[in-house]
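Visitor: I should like to understand how the descriptive terms applied to this model are justified. Please set each value against its definition.

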Amino acid sequence: MKLSEIFDKYDIDAFRESLKVDKHNLDAMLMEQPMLQQHVSEMAAEVSSMRDSAKERLSRVDAQVAKKLRNQLMIEEGKVSEARIDREVPLTKEHKEAFFIYNELVALSTKWDALKDTFRNRAFVIRDFVSLYTANYFTDTSFRSASNPASVKNFEHSYVRSAMAEGRKARNQLSGIENEVELLADVDDQSKDSSTKPAKSRAAASNASNSSSSSEDDSPRARARRRRANRSGRRVTEALGSNGAESE
């Protein structure tokens, strides 16, 4: 078989198109994968066999050329120099032609071996696509987001707004807890100084609450803080009252 016929029969470009995986047609991909892999493996084996045959032919050609040169030198000079023969064999036309064919088949065989390995990896790629499909990765929302940049942008903005809102909520909760803790600490200090006078402590706590309420602004956040402070003050006052009753 001529070299041109070999390249026409074992055209690797025709199989490169089969490497593509259609994520919308995974069932067909799964069914055709074993047949394609088997066919590619057989083609790679045939090319490897032709490569080995070309190598063997190159060796025979070199041996025939060396024998011809040896006889010619014996007739012309009466002696044979093997070193000279080794230098002249690669320069002959017969060796160049045989080596060219062998070299081309080596390159073709290397490409087919790489294609065979790639088809083997294609099976794992299809398996991963199937796993993504069963995990509902390829949903309508995903398709719209992938094909519509505006949807992706809107999703990003929505995600950022949601994250900012959650951050504000967490900061407000933390601020309320800190205010309540500070108020409880202040009232606790006052209760230690006047543990025997619960009535006076209640009046002092009430006056402090009223004065702080009058000094603060009338914003919604301030009103909320005052309500939390009043609730905390009442709880502490009730606790102090119960402690005083027990001591009496």
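Visitor: Why is Glu 88 called partly exposed?

Guide: Glu 88 has a relative accessible area of 25%. Buried means under 20% relative accessible area, exposed over 50%, and partly exposed in between, with a 1.4 Å probe and protein chains only. The value for Glu 88 therefore places this residue in the partly exposed class. Please note that this is a predicted model, in which local features need pLDDT of at least 70 and side-chain atom pairs count only at pLDDT 80 or more, while totals for chains, interfaces and linings use all residues. Residues are numbered from 1 along each chain as its sequence is written, and side-chain values use heavy atoms, with hydrogens and water left out.

Visitor: What makes the pair Glu 88 and Arg 84 a salt bridge?

Guide: A salt bridge requires a side-chain nitrogen of Lys or Arg within 4 Å of a carboxyl oxygen of Asp or Glu. The closest N and O atoms of Glu 88 and Arg 84 are 3.0 Å apart, so the criterion is met. Both residues lie in helix H4 (residues 82-88), four residues apart, about one turn of the helix. Helices are DSSP runs (H or I, at least four residues), numbered from the N terminus. Arg 84 is also partly exposed, at 28% relative accessibility.

Visitor: How do you know that Asp 117 and Arg 120 form a salt bridge?

Guide: Their closest N and O atoms are 2.8 Å apart, so this pair satisfies the cut-off too. The two residues are three apart in helix H5, and therefore separated by about one helical turn. Asp 117 is partly exposed at 37% relative accessibility, as is Arg 120 at 35%. The structure holds seven salt bridges.

Visitor: How do you know that the span of H5 is close to the expected one?

Guide: The expected span of a helix is 1.5 Å times one less than its number of residues. H5 has 42 residues and reaches 62 Å from its first C-alpha to its last, close to the 62 Å expected.

Visitor: What makes a set of residues a nonpolar core?

Guide: The members must be buried Ala, Val, Leu, Ile, Met, Phe, Trp, Tyr or Cys residues joined through side-chain atoms within 4.5 Å. The largest such core here has 27 residues, and Tyr 10, Phe 15, Trp 112 and Leu 115 have the most contacts inside it. Helices H1 (3-9), H3 (26-77) and H5 (93-134) each give two or more residues, and the largest share, 13 residues, comes from H3.
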